[in-house]
Amino acid sequence: MLQTILDKIIFQNSVYSYLTALCIFAIALLAVKLFDRAVLNRLKSWAEAATGKLDVYLLQTLEKTLLPALYFGSFYLAVRSLALHPLLGRSIDVLRVAIWGIGLVFLLDNLGFQISTVIAGLGIGGIAVALAAQAMLRDLFSYVGIVFDRPFEIGDFITIDGHMGTIEHIGIKTTRIRSLGGEQLIFSNSDLTNSRIQNLKRMETRRIVFKFRIHYETTSQQLREIPVIVKQIIEGIADTRFDRAHFSALGESFLNFDVVYYVLGNDYTLYMNIQQEINLKLKEALEERNIRFAYPAQTIYLEKQESYPIS
């Protein structure tokens, strides 16, 4: 029972992995506390007993910057022991850089540097960079939406704006699609999230509609038999579900039939094999009953007029 609980997977990690990460975090925190008490406190006592104030100032500065970094390092070490989603892993790395940067700023400020002027300049420059990077930020946010909402995944076959292909790579800025023709199509992530996408791989069934035309010489009794023939053919083929078959229209030179059925799968080759089998069996069945398919034609009737002699 206990082993079953420990092996349970939650967000790509087992319960045992989470407990291990928690233990790593606790041990790392304990090590930081021991370092604070055994090393930093003794150094502070030694510096206070000394006559110079510079040693005390340096130790206080070190304590303000080093301890928060060690605490974050403990958390980072524990989290890195887990299997993280790539986006979450990159976010933690970005957060780590930001924390180290903030720590460096505070360290320089405590050492007497005029950091406020530098930060103000960076703020103005940051606004300019942000304005110039709007497109990149849109693609980044779109990437986050794709990762969490998952409208498609690598290997899915999609259609977008008349293009069809298989997803090969989903990047932070662009997504690459391998088209049926073999070339690689590259879309920005914002273009994908702002477009209507058909994910054909997630199609559980494929609805098929097809028509065929019969010659006008076909008798009424034969016309009644044709929907039954079509139904028997489709129901006799695996991975199909018959819906309907109807004598739907009287054309100018043909009698039109509509057929609807479902292919129980999303594979295009499976659909084409089934449709081919239906076509062959339908032609054989109609030939056995002397029923002919129609083709575009026009019949012209000429009326013969009698001629009379002129007296």
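Visitor: At the start of α9, which residue has a side-chain oxygen that reaches the backbone nitrogen of Thr269?
Guide: This is a predicted model. The place to look is the start of α9, at the backbone nitrogen of Thr269. A side-chain oxygen comes to within 3.3 Å of that nitrogen, and a polar contact needs N or O atoms within 3.5 Å. The residue that supplies the oxygen is Asp267.

Visitor: How far apart are the end C-alpha atoms of α9?
Guide: α9 has 21 residues, and at 1.5 Å a residue they should span 30 Å. The distance in the model agrees with that expectation. The end C-alpha atoms are apart by 31 Å.

Visitor: Within what arc do the buried residues of α9 fall, seen down its axis?
Guide: The buried residues of α9 are Tyr271, Ile274, Gln275, Ile278, Leu282, Ala285 and Leu286. They line one face of the helix, because seen down the axis they fall within an arc of 100°.

Visitor: Is Leu286 buried or exposed?
Guide: Leu286 sits in helix α9. Buried means a relative accessible area under 20%. Leu286 has a value of 0%, so Leu286 is buried.

Visitor: Which residue of α8 is in contact with Leu286?
Guide: Neighbours within four places in sequence are left aside, and the contacts of Leu286 are then Ile214, Ile226, Ile291 and Phe293. Helix α8 covers residues 220-235. One of these contacts is 60 residues from Leu286 in sequence but 8.2 Å away in space, C-alpha to C-alpha. That residue, also among the buried ones of α8, is Ile226.

Visitor: By about how much does α8 bend at Ile226?
Guide: Helix α8 has 16 residues and reaches 24 Å from its first C-alpha to its last, close to the 22 Å expected. A proline, Pro227, follows Ile226 within four residues. The bend at Ile226 is about 25°.

Visitor: Which helix is included in what covers the buried residues of α8?
Guide: The cover of the buried residues of α8 includes the strands β8, β9 and β10. The cover of the buried residues of α9 includes β8, β9 and β10 too, along with α8. The helix included in the cover of α8 is α9.

Visitor: What is the relative accessible area of Ser179?
Guide: Ser179 lies in strand β5, residues 174-179. Apart from neighbours within four places in sequence, Ser179 is in contact with Met164, Gly165 and Leu185. Ser179 is buried, and its relative accessible area is 9%.

Key: Residues numbered from 1 in each chain as written. Predicted model: local features only at pLDDT ≥ 70, side-chain atom pairs only at ≥ 80, totals over all residues. Heavy atoms only, no water. Helix = DSSP H or I, 4+ residues; strand = E, 2+ residues; numbered from the N terminus. Expected span 1.5 Å × (residues − 1). Bend = angle between axes of the 7 residues up to and from the residue. Buried < 20%, exposed > 50% of the residue type's maximum accessible area, 1.4 Å probe, protein only. Contact = heavy atoms within 4.5 Å. Arc of directions from axis to C-beta. Polar contact = N/O pair within 3.5 Å; in protein donor to acceptor, adjacent residues only side chain to side chain.
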